[in-house]
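Biologist: Please take a close look at one part of this model for me, the way its strands and helices pack together, and walk me through it from the whole chain down to single residues.

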Amino acid sequence: MILHSPWGLLALLAVPVIIILYLMKQKHDDYIISSLYLWQSALQDMEANAPWQKLKKNILMFLQILSIILLSLILSEPFIKNDKNKGGTVMLVMDCSLSMQSTDMKPSRFEAAKKDALKLVEACGAGTEFSVIASGSTPYIVLHQVNDRNKVMQEINSLNVTDAAEDSEGTAELVNTLIRENPEIQVNWFGDGVSPITVDVSDDKMMYYSYNRNGANYAVTLLTQRKMQNSRKITALSRIANFSLQDAELDVSLYTDGNFFDARRVMVGAGKSESLYWMEIPESVLRLECKIDTEDILKKDNSAGIMAYSDNARKVLLTTKKNVFLEKVLNIMPNLELYRTGMEDVNEMKGYDLYIFDGEMPEQLPRDGHIIMFNPPQNKFFSLAGGSEYTKIRSTKHKLYSNLNQDISFSALKTDLYQLPEWGSSIMENDEGITAFEGYLDKNRIMVFGFNLHETNLPVQPFFPIIITRAVQELLPGGSNEISAINAGDSIELSVDPEAREVFVVTPDGKKTRIAPPFPAAAFDETTQIGAYTLEQQLENETVQQLFFVNAPSEKEFVLSNHTPSVQQNSETEQENKTPRGWDLKMLILWLLLAILIVEWWVYTNGITI
Amino acid sequence: MSQLFNSNFLQKIQQLTLNARFSMDGNSAGNRKSRSKGSSVEFSDYREYTQGDDFRRIDWSAYGRFEKLFIKLFMEEREAPVTIFLDVSKSMDWGEPNKSISSRRLAAALAYISLANFDRVSIACVDDGIQQMCKDVRGKNFFHKITSILENIQYTGESNIQKAIENYRVQSGRGITVIISDFFSQGSFSELLKLLIYNKQAVYICHILSPQEVQPTINEAVRLVDSETREVLDITVTPSLLNSYTKALDNFRIQIEQTCIKWGVYYFQLSSNMAMEEMVKEVVEH
């Protein structure tokens, strides 16, 4: 049996003192006096005024002593250690994600998990080796097979919870790798049971400790906006999710540029979400924030922010002989000033934010904007690997297609195949090779499609405008709508102006991180905090600042329907009775104490003495 | 002549007079001033003449001055029935000097003084009942009756003065009642006084304690044994316990005194180490 708080046993010191006092009996000589009357009065007076009186032997005293002993045991938090704890390797996986900040367990799920993890480490026998994995947006090994228990406890104590979503798959992969190294490892996963987990370990070697009391959580899971062409007003759409088990009436407010704009009351069913439209927002507004005012267990996901489109129209130069498909798509994109020209008309390639070359390209690439090429001729910048005819082209896992849950493939009469340059990543491919790629060539980001749009059925596919819009938004320097609202923990490639000399990102807590040079700018992955970030680009003569929001990844962290993790999970009741790797005796003793108190009451009311 | 009441003792008490300020309705003439207006030589007051008054008492000089008839009132002297209750419970046979000796001497002295003043004296030795008594003794010549009773008292029983005096049936009519006791007694002291006052008695309470009761000399862990009930109490004497004892004693005395004041009764705190004449003076010259 182990005592988590052995100091509680100090209370037992009172017991022998009480017993000794009871056992002590002083010998008295007889002394006859006229009357005891005055002495009895004197003693009564002393007893009435003094806090002490001579202890008397009675059953109540014994019951009280027993109660003290049990109470001291409860304070000592005793539990019986499981024999399986002797030696071996124990892995502790700590969920450090946003949902663990929920306060339905006090002080928070994460702190409760840490406390139990520390108890587990304390309970394990000497010679046990510990591995600790922090499971956040990027799972990592904090300690690997360390024998020093104090160090393990210190590391667990210093673990911090993040605002990001848990990459449970990544963590499970990491855990599986370690299990393959040591199949005897005992895995203890401390989480809130939201993400499904698949680990290659038998049930008796996997213990999941759930810290989830299903407290009510509401979140703004989406905030997006669009400037209406007719009214020149902004319309925003927010989605309000209710992750609790009961329907809830929520108060939602919209703030524009930090000022209150409107409030709504919306009824959201349990495990459902509702969309709210906010109309007639002035077009001058730059920043929109949507907040839920109703109290819940996690405040951080109660608000989301987004940047409105900048009024500055971006200049795009389309160099083509005739491509009606591209023109149509580019025309419907807001805030784009499209200039169409032919190669023969181009005197000087300068002054545009984006250059699109369709079927032809200049010898010298422009330096002040990013570039999209369709069916480019052979050139010195990248090499052809051949060609294909009558082929089917499909998408790769490029982020251009993120959240598009359909099969993206189309047919082409003819396409070029490319050798993927060192600086490039594949966008599209067929069975024979790469048909499209993108990457940074020096400071310019280039996207190359090896086919003529007219020789494919891509333009008639429903996803065509989406892909083109995303491609343009990706490449517009600092103008990507995508970065205006991302989730904490996501890694983002910020589109940097080719003329930028230095690029920084300022986090909500004021920390300034340089992401370039070297160019191309590194992907920014320090998005562990929720709030407004600033992208700061130092150009030759000016500094351009652009805000973007990192919002809570609530949809990944909370589920909108009842969910059971795919691994062994203790129920709530079991969790209370069974602390890590042993049986907690606290509840048992508590019941015993209650029984003794009932007996004591019975003895007292019936006047039973011994 | 016994040791208790030797000639020296008798000489000391002969000159003392017990003075009682109360009214009496007895028929025998005595040496005690009565509130009744009678035919003695001591002038008391004037009163307007009413029909039926003895016209020989009309003060004609006053008639000459006020042209109204006044009669002169004089103090009438009567004998007082004096009853002395002496507590003879076991608790009275304790202390150094012993309370039994001091209390008996006081009782004898008061009885002698009353006899010397032509009063009728009764003495009753009480514990929880009447042990011995001697009723209606008149004249100093019969003082030996009283002393012989006092000399042969056995201190054995438990004290319940209220019960004992109720049993005695005090004579109705005005008189003097003296109670000499340590008042470690069962029964209600207040009820006792009520009974005596109802019987028109002028009550003298002589509360006698030994010096060891006033200031205990015990300074160790002892088992106290009650002399009357044989009840025991284990104590370890500490300064705080002694303080509490002093407080309890003060409360005890104050309670008795306040009850006496409430019923218009004379209360005297006496100690067994006081000389007899000192005690008598305390009582007589109150």
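**Sheets and the helices on them**

Modeller: Happily! Chain A has 610 residues, and 51% of them are buried (under 20% relative accessible area; exposed is over 50%, partly exposed in between, with a 1.4 Å probe and protein chains only). This is a predicted model, where local features need pLDDT of at least 70 and side-chain atom pairs count only at pLDDT 80 or more, while totals for chains, interfaces and linings use all residues. Residues are numbered from 1 along each chain as written, chains are lettered from A and ligands numbered from 1 in written order, and side-chain values use heavy atoms, without hydrogens or water.

Chain A contains eleven helices and 30 strands (DSSP runs numbered from the N terminus: H or I of at least four residues for helices, E of at least two for strands). Among its contacts (heavy atoms within 4.5 Å) with a separation of 6 or more, 65% link residues 24 or more positions apart.

Now for the close look. Five strands of chain A make an open sheet with mixed pairing, in the order β6-β5-β4-β7-β8; strands pair if DSSP finds at least two bridges between them. The edges are taken by β6 (140–146) and β8 (206–210) of chain A, each with a single partner strand, so one side of each has no neighbour in the sheet. Direction ignored, neighbouring strands here are turned by 15° against each other on average (axes are lines fitted to C-alpha atoms, for helices over the stretch in contact, and angles run from 0 to 180 degrees between N-to-C directions).

Within this sheet, β4 (residues 89–95) and β7 (residues 186–191) of chain A run parallel and share five bridges. You can find A:Leu92 opposite A:Asn188 of β7(A). Helix α4 (residues 109–123) of chain A packs on the sheet, touching β4, β5 (129–135) and β7 of chain A, with its direction at about 170° to that of β4(A). Another helix, α6 (residues 168–181) of chain A, lies across β4, β5, β6 and β7 of chain A and runs at about 165° to β7(A).

Elsewhere in chain A, antiparallel pairing appears: β20 (residues 384–395) is joined to β21 (residues 409–418) by nine bridges, with A:Ser388 opposite A:Thr415 in β21(A). On β20(A) you will also find β22 (residues 424–429) of chain A, paired in the antiparallel sense over two bridges; there A:Ser395 stands opposite A:Met428.

For company, look at chain B. In chain B, 50% of the 286 residues count as buried, and the chain has nine helices and ten strands. An open sheet of six strands, with mixed pairing, follows the order β5-β4-β3-β6-β7-β10 in chain B. At its edges stand β5 (130–138) and β10 (266–271) of chain B, each with a single partner strand, so one side of each is without a neighbour in the sheet. From one strand to the next, the twist averages 15°.

In this sheet, β6 (residues 175–181) and β7 (residues 201–209) of chain B pair in the parallel sense over seven bridges, and B:Ile179 stands opposite B:Ile205. Helix α3 (residues 99–116) of chain B lies across β3 (81–87), β4 (120–126), β5, β6, β7 and β10 of chain B, at about 175° to β3(B). Helix α4 (residues 143–151) of chain B packs on the sheet too, touching β3, β4 and β5 of chain B, and its direction makes about 170° with that of β5(B).
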